[in-house]
Amino acid sequence: MLYGSISHWRRELSSGNITPTELVQELARITDAKNPTVNAYISYNTEAALAAAAKADISLPLGGIPIAIKDNICIQGEPTRCASQMLHNFISPYDATAVSALKAAGAIPYGRANMDEFAMGSAGKNSSYGHTENPAAPGHVPGGSSSGSAAAVAAGMAIAALGSDTGGSIRQPASHCGIVGMKPTYGRISRYGLVAFASSLDQIGPITQNVEDSALLLNAMCGHDAKDSTSSTQPTEDFTAKLGQSIAGVRIGLPKEYLSSGNSPEVTAAINLAVNKLTELGAEIVEISLPHSEAVVSAYYIIACAEASSNLSRFDGIRYGYRAENTNGLDDLYSRSRAEGFGPEVKRRIILGTYVLSSGFYDAYYAKAQKVRALVAKDFANAFEQVDFILGPVSPTAAPLIDDKNMSPLQVYLADIYTIPANLAGLPGISIPTPQNGGLPIGIQLLGKHFAETDLLRVASALETALA
Amino acid sequence: MEKPHIDVAYIAKLAKLELSAEETERFSTDLNRILGYVAQLGEWDTDGVEPMYHPLPVFDAVRTDVPGTSLSNEAALANAPAEEDGQFRVPKVVESAH
């Protein structure tokens, strides 16, 4: 087992108890043993990781620490498949900025984490490389779309991982696997080299064993990048600076719309437990209202699918990716390459997105959704005048069973109701596990104001300690 | 909003995405159900609300225009499904008139 936080392994490395090479060898041994059942990685390149380990500088902040990378974040010279047949043979010609930042901090990318195809899904079942198991809840889904990143960390196959979050794809699998997942403020981490799903919603973030590790990964990755014009120019910070500090007097909002009868009793119990712990820590719990909560799923799926239909038009079989054979002319090449390269959920969303952007429907769907999005953001702006943070569920239920086939696509989408708002409004959010007590893992979510990650991590860390 | 109906076969043509008959039928069912749900957006009053296309106010983000390195021709072609003479090879684009 390779449990132990980044800090733990940093201490082991600096004291000489283990070398970076031995750490990678140990990780490879565990991965070789577990990946055939967990399927957290589509592939992993032990040789490249060992070569990096041989040169690792352990004096750097993440020196010698292997990090698993979701399969939609580019690593130079490695495959980036997005769990799709469309990119089955694609080798990244460059590093994503987040990856080059991790490398510069001494980390070693290791493991191409399985995912829902093109990050579209919430169960890890939409991968064309097989579904991922939930190591913390056998027989149940690991969540998604960062299914492999969460499962790898939960299975001890990774010390920490990167995921991407467009509507909850970091926080929800972290919740289902009993670990920590954080979506930073929109723009905190460059999206350069992250294969675009919905550009106004996508954000890279950490999936880790504890809150401190998420702060350490943010330290390495945040900051403006000239290669992503939407990356923030906000000065970056030491996100560990306030860990361990008191949260007495902090005001935490509990939206009445998030205490829905649609939540499972276990999720309600997890929220109540968090409320009790936060109160004991001296925080003040304030009932608030987010009046447009019922509209978020509709607005999100219109916006996300519209942006996806545009972004995924680049996969046309010409410059990279899958090309169908024996085609008849250019249109046939496009249509058949896309038909044969994309899986069913990706096709469904491209069709929906194309429809809502098409002539005659644009105003009724796309423009309307963007207006509702503004109202959702205004709800949060109003709430954050009363409170510093917002507490809520991550998902209405614990992880469903893998073979639950009764859910329609719409029912699956509706389960994203608590994670979507942070993406629509661009807010930072973090999922923290509650004690499992023999049941399924259930995470609770804290949301903060734009760029308030340092304080959000302080509250998350205090709650994590209190729940432990 | 009137009751939505999505013509999946037509939209698939716009999206340049060939669908089988089975897919067309399944997506029609799924997407009409989804559109029936999202029609609730019409119930929210958005008069005078500016659409929010981006989560943070970013306007005219431009970088300094300085020459830099870019991918080599070889690297840019490394993932090409077909190439010839240092270029992407594509099927004949100019088709005969029907």
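In the predicted model described here, strands β5(A) and β10(A) pair in the antiparallel sense over three bridges, where strands are DSSP runs of E with at least two residues, helices are runs of H or I with at least four residues, both numbered from the N terminus, and two strands pair if DSSP finds at least two bridges between them. Residues are numbered from 1 along each chain as its sequence is written, chains are lettered from A and ligands numbered from 1 in the order in which they are written, and side-chain values use heavy atoms, with hydrogens and water left out. Because the model is predicted, local features need pLDDT of at least 70 and side-chain atom pairs count only at pLDDT 80 or more, whereas totals for chains, interfaces and linings use all residues.

Within the pairing of β5(A) with β10(A), the bridge partner of Met182(A) is Ile430(A). Strand β5(A) is also joined to β6(A) by two bridges, again in the antiparallel sense, and there Gly181(A) has Ile207(A) as its bridge partner. Both faces of β5(A) are covered, with Val180(A) and Met182(A) on one side and Gly181(A) and Lys183(A) on the other, all of them buried (buried meaning under 20% relative accessible area, exposed over 50% and partly exposed in between, with a 1.4 Å probe and protein chains only).

These strands belong to an open, mixed sheet of eleven strands in chain A, ordered β1-β3-β2-β4-β6-β5-β10-β11-β9-β7-β8. Strands β1 (41-43) and β8 of chain A stand at the edges with a single partner strand each, so one side of each has no neighbour in the sheet. Neighbouring strands are turned by 30° against each other on average, direction ignored. At one edge, β1(A) pairs with β3(A) (residues 108-113) in the antiparallel sense over two bridges, and Tyr41(A) has Ala113(A) as its bridge partner in β3(A). Helix α12(A) packs on the sheet, touching β7 (251-255), β8, β9 (389-393) and β11 (443-448) of chain A, and its direction makes about 120° with that of β9(A) (contact meaning heavy atoms within 4.5 Å; axes being lines fitted to C-alpha atoms, for helices over the stretch in contact, with angles from 0 to 180 degrees between N-to-C directions). Strand β7(A) runs parallel to β8(A), to which five bridges join it, and four of the five residues of β7(A) are buried.

Helix α4(A) (residues 97-104) packs against helix α7(A) (residues 211-221) at an angle of about 105°, with their axes 8 Å apart. The two helices are therefore roughly perpendicular to each other, a term for angles of 65 to 115 degrees, with under 35 counted as roughly parallel, over 145 as roughly antiparallel and the rest as oblique. In this contact Ala98(A), Ala101(A) and Leu102(A) of α4(A) meet Leu217(A), Ala220(A) and Met221(A) of α7(A).

The largest nonpolar core has 76 residues, and those with the most contacts inside it are Phe118(A), Phe342(A), Ile351(A) and Phe380(A); such a core is a set of buried Ala, Val, Leu, Ile, Met, Phe, Trp, Tyr and Cys residues joined through side-chain atoms within 4.5 Å. Apart from this core lies another, of 59 residues, among them Leu23(A), Ala160(A), Ile204(A) and Met221(A). Ala364(A), found in helix α12 (residues 363-386) of chain A, counts as partly exposed at 29% relative accessibility.
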